[in-house]
There are 2 protein chains.
Amino acid sequence: MNSPHIVIIGGVAGGASAAARARRHSESARITLIERGPDVSFANCGLPYHIGGEIAERSELALQTPESLRTLLNLEVLTLTEATSIDPVQRAVTLHSLRDGTESVMAYDKLILSPGASPVRPPLAGIGHEKILTLRNLQDMDRIIAAAASASRVTIVGAGFIGLEMAEQLIEIGKEVSLIELQGQVLPQLDPEMTRPLERELRARGVDLILGDGIEGFRGDETAVTARLTSGREVPADLVILAIGVRPDSQLARAAGLAIGPRGHITVDSYQRTNVGDIYAVGDVCESPDPLVGGHTAIPLGGPANRQGRTAADHIFWGEKAQPYPGSIGTAIVRVFEVAAGLTGASEKRLAATETPYETVTVNGPSHASYFPGAETITLKILWSPDDGCLLGAEAVGVDGVDKRLDVLATAIRGRMTIDDLVHLELAYAPPFGSAKDVINVAGFAATNMRNGLLIPVQALEDAEGEQIVDVRPPAVVEKLPVPGATNIPLPTLRDRLAEVDQSRPVFTVCQMGKTSYFAARILANHGYDARSILGGAWHQAPRPE
Amino acid sequence: MNSPHIVIIGGVAGGASAAARARRHSESARITLIERGPDVSFANCGLPYHIGGEIAERSELALQTPESLRTLLNLEVLTLTEATSIDPVQRAVTLHSLRDGTESVMAYDKLILSPGASPVRPPLAGIGHEKILTLRNLQDMDRIIAAAASASRVTIVGAGFIGLEMAEQLIEIGKEVSLIELQGQVLPQLDPEMTRPLERELRARGVDLILGDGIEGFRGDETAVTARLTSGREVPADLVILAIGVRPDSQLARAAGLAIGPRGHITVDSYQRTNVGDIYAVGDVCESPDPLVGGHTAIPLGGPANRQGRTAADHIFWGEKAQPYPGSIGTAIVRVFEVAAGLTGASEKRLAATETPYETVTVNGPSHASYFPGAETITLKILWSPDDGCLLGAEAVGVDGVDKRLDVLATAIRGRMTIDDLVHLELAYAPPFGSAKDVINVAGFAATNMRNGLLIPVQALEDAEGEQIVDVRPPAVVEKLPVPGATNIPLPTLRDRLAEVDQSRPVFTVCQMGKTSYFAARILANHGYDARSILGGAWHQAPRPE
């Protein structure tokens, strides 16, 4: 089929990518882009940064306009137009113009659904207050900017990626910010111990961070709105931003009889085909096979959406000669002032929830050669399969170089690489950029040492409570950040002071970063002790002054 | 063997790593470290940065001292001690003390050779002048610092990694710097077109860059030394730094009958064993199987040295249960003021020289979302096998994010990943860190488009000389950087102006960055033209004012 009529519903990431790719295949195809909103192909991920002024010009966020898509790609672009029904038998969609209310029917040869997702707005008391806003598109952004102009106190509900970005940006423009999260941690996609540095950073910057508390409802008047929390606490604000997740806009698909997954996503195969002929779905509305833990997963991010759109277009023109979409592993990052954190692949939570066997290790290392100015500590956690050593996931947090480590590990996961491969990665090393042994290599060393029995790890300091703990740090460091109940035997003196360690009990070694505690455990193990090293060190895990 | 006597010759990267790893295996092993110099385990790669003052304290460069190795690892450390012969039958080395001239014989159970390499000092006229120095260790560094103190003009011979780092650092401390390179490009490890931004940066910072000219000899007096070049030019200076490469210190090994490769390296197997029983070699002195193009390769870098040391120690204690060393692919990076450049795997030069079949594509892309402040253009070249799409190498140059892209591609090469895998890498994307379509994804798009015939590439603007060239940039951009002989048909108008393109001849499309020229070529190809897109765009390839 060289000149099909391709109708695409949804003109942002996935839909726009599908249209562009289809046009590369064929100049004679008719390609129609239907968009409910006034804008196409805008930079969704940039919205918080225009609110905070870091992206100065609103026009920077409009990657394309209906006019530019018409001239560059020869598309028919219908904005402010809603698809209200699909007739898969007649291969036609009914369109409703939001401009003039007219209805029309448009036939298609191929239909690509890319309607995206909408912010969740739970049916709580008072949720309809006009100062309770969500952020999904340019109009939402404009409303928040307008409301923020006269607000001094802003409450953000939800400490996921968007909630955190909004908290940062609103602090930057001088607002008082309360950030409320139902979970006992920010960034619930990550494992809790990895988010502590983010929480410290938020509090240090003045965010009123409320964890482990839910919203019961809202009470408001014309100027302010107060959130009532499950704990009984009340949080007053001039503006509330709800950032508690998104829900796929799959109503149209459901009504047309397309298969829908348990959380409301359209189910697709590896060519983005739905269960109904000639209908594809891409982006936030769909879920695809999870290449890591099985089942299906939905990753509502721009990168996967773009590539799914490309895959659908390729399948229209090439059929099964097209490269299938390999599934999404999910890589994400957030900046919170000076600290960045993110993950790729599966978290420990997700592996546990899906009963996937895993091993894990956490290490600390400098962002570049420690002897070169500006090195900052990165905490890196990796997860792998005990069967074959294949990587399943990674999480990282730190001030510098977090994105690089996540990208390397996202690549390794995509390549089905193992902990042995991490040992031998040759990463770019010059003092300003890296280390001869990068923290990723070090994670590989630790993981393979676990497998071969050289390292018997203890995941957290708390797991050693009440046990025989030997703290091998220099006394001056111990003094600043003591480990309760530990005996201090600095590493250089350990061989001479073995008599002070009780050989009848397991011994747990601890240090600052989790490196010399391993050295100490090896000395002890080689002398017949049941010695275990506390991962990550006291640096990360012990409580510190906020 | 639980308590062997392991003798290690050479106490820096590979030797120190072998010693540390051996000690983790066994507390009862006797481990002796023999070092010709006064220092062990120093930060070789940091030397230029202390000369330039960026690393303020000399002590930062001493990662370990003989004393710290004794206390932490229970090593016997003999510095200022040279091994003068090996008796593989008696398993003994003869040692010569540089302190007092005494000789002694030391028996070993296992011997690990890690003597490193020495700077090349060719037998040129005048080479013995005391102001012609090389940089390899802390004493060399001290000599350069002393000589630089009274020098205003410094000549650097060789524009490889160390030559470039020295040029940067010496400019930073106010010297007049001439940098002379025999090849017609800096950083001869890279392909020449990738080094142009470095050359522009060097000249912009005031370096007198002399390319394609060799040294005939030196002429000097007590205070100054003048280099005579092949071209006849004379370059006077107060100090000359030779940085034209290193030569493996394999004399001792050769005398003991160990197998030596064509360029003087000790040949080892994948456990770092030499051809003589109980003798291993690690680091710059050895060469190992090249996993990419076959044959053997020597990568004189700290990362491989460390991991080879670890491998040798593992083999001593575990035999063939140890993980073999997988060979080095070679990843390296250099910072030259604001610009960074590097490579991983094989360059086009190396693939051509080894007659390895390859394909290549070069793309440009922003270091992070282009709508977010601070995005800088990265130029990325990838090379892959036409047989299976497996990546063979990559080179990158730019102001920001070069190290990250090299690391991702080094990982992909190590994982035997393909151009299709690059399409689907899920790299961390938030506006401050990346793009929904990272430049690496874009390279994957371009490479797979080449394979499937959507993209017919032209590697460089020069390859289109005299042909029908259509420049699809906006007229205002064309005016600033015109492409000689091209017809300007801006992309949005192309469909309406097809009549201006001669269908009887091939048409070469060009744009600024190599992206819209592809779009244009697709339009033309779909209308029956033989259309080819000029990779990398006019931005990178056209001459620009220096």
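Two strands count as paired if DSSP finds at least two bridges between them. The model on screen is predicted, and this tour starts with a set of paired strands in it.

**Stop 1: a sheet in chain B**

Select residues 81-87, 92-97 and 103-107 of chain B. Strands β4, β5 and β6 of chain B make an open sheet of three strands in the order β4-β5-β6, with antiparallel pairing. The edge strands are β4 (81-87) and β6 (103-107) of chain B, and each of these pairs on one side only. From one strand to the next the twist averages 30°.

Now look at β4(B) beside β5(B). The two strands run antiparallel and are joined by six bridges. Which residue in β5(B) is the bridge partner of Ala83(B)? Label Leu95(B): this is the partner. Strands in a sheet pair through backbone hydrogen bonds, so show the backbone atoms when you look at a pair.

**Stop 2: the strands β4, β5 and β6 of chain A**

Move to chain A and select 81-87 and 92-97. Six bridges connect β4(A) and β5(A), and these strands are antiparallel. Here Ala83(A) has Leu95(A) in β5(A) as its bridge partner. The two strands form a hairpin with four residues between them. In the turn, find Arg91(A), which has a positive phi of about 50°.

Add residues 103-107, which are β6(A). β5(A) and β6(A) pair over five bridges in the antiparallel sense. One bridge to label links Ala92(A) with Ala107(A) in β6(A). This hairpin has five residues between the strands, and Gly101(A) takes a positive phi near 80°.

**Stop 3: two helices within chain A**

Select 13-25 and 302-318 of chain A. Two packed helices are described by the angle between their axes and the distance between the axes. For α1(A) and α8(A) the angle is about 35° and the axes are 7 Å apart. The crossing is right-handed. On α1(A), the residues that meet α8(A) include Gly14(A), Ala18(A) and Arg21(A). On α8(A), Ala305(A), Gly309(A) and Phe317(A) are among the residues that meet α1(A). The residues of this contact divide into eight nonpolar, eight polar and three charged.

**Stop 4: where the chains touch**

Show both chains. The contact takes 71 residues from chain A and 71 residues from chain B. On the chain B side, the elements that each supply at least two residues include α1 (13-25), α8 (302-318) and β22 (331-336). The largest share of that side, nine residues, comes from α10(B). The side of chain B that touches chain A has 37 nonpolar, 18 polar and 16 charged residues.

Select 402-414 in each chain to see α10(A) and α10(B). Their axes come within 9 Å and cross at roughly 20°. Angles under 35 degrees count as roughly parallel, and the two helices are therefore roughly parallel to each other. Their crossing is right-handed. Asp403, Lys404, Asp407, Val408, Thr411 and Ala412 of α10(A) meet the residues of those names and numbers in α10(B). This contact has four nonpolar, two polar and six charged residues.

**Stop 5: domains of chain A**

Colour chain A by its domain assignment: domain 1 (5-116 + 247-321), domain 2 (132-244), domain 3 (338-451) and domain 4 (457-541). The C-alpha centres of domain 3 and domain 4 of chain A lie 24 Å apart. Their contact takes six residues from domain 3 and eight residues from domain 4. On the domain 3 side, strand β24 (residues 359-366) gives the largest share, four residues. That side divides into three nonpolar, three polar and no charged residues.

Technical notes
Residues numbered from 1 in each chain as written. Chains lettered and ligands numbered in written order. Predicted model: local features only at pLDDT ≥ 70, side-chain atom pairs only at ≥ 80, totals over all residues. Domains from an automatic or database assignment. Contact = placed C-beta atoms within 7 Å. Nonpolar A, V, L, I, M, F, W, Y, C, P; charged D, E, K, R; others polar. Axes fitted to C-alpha atoms, helices over the stretch in contact; angles between N-to-C directions. Parallel < 35°, antiparallel > 145°, perpendicular 65-115°, else oblique. Left-handed = near helix turned anticlockwise from the far one by under 90°.
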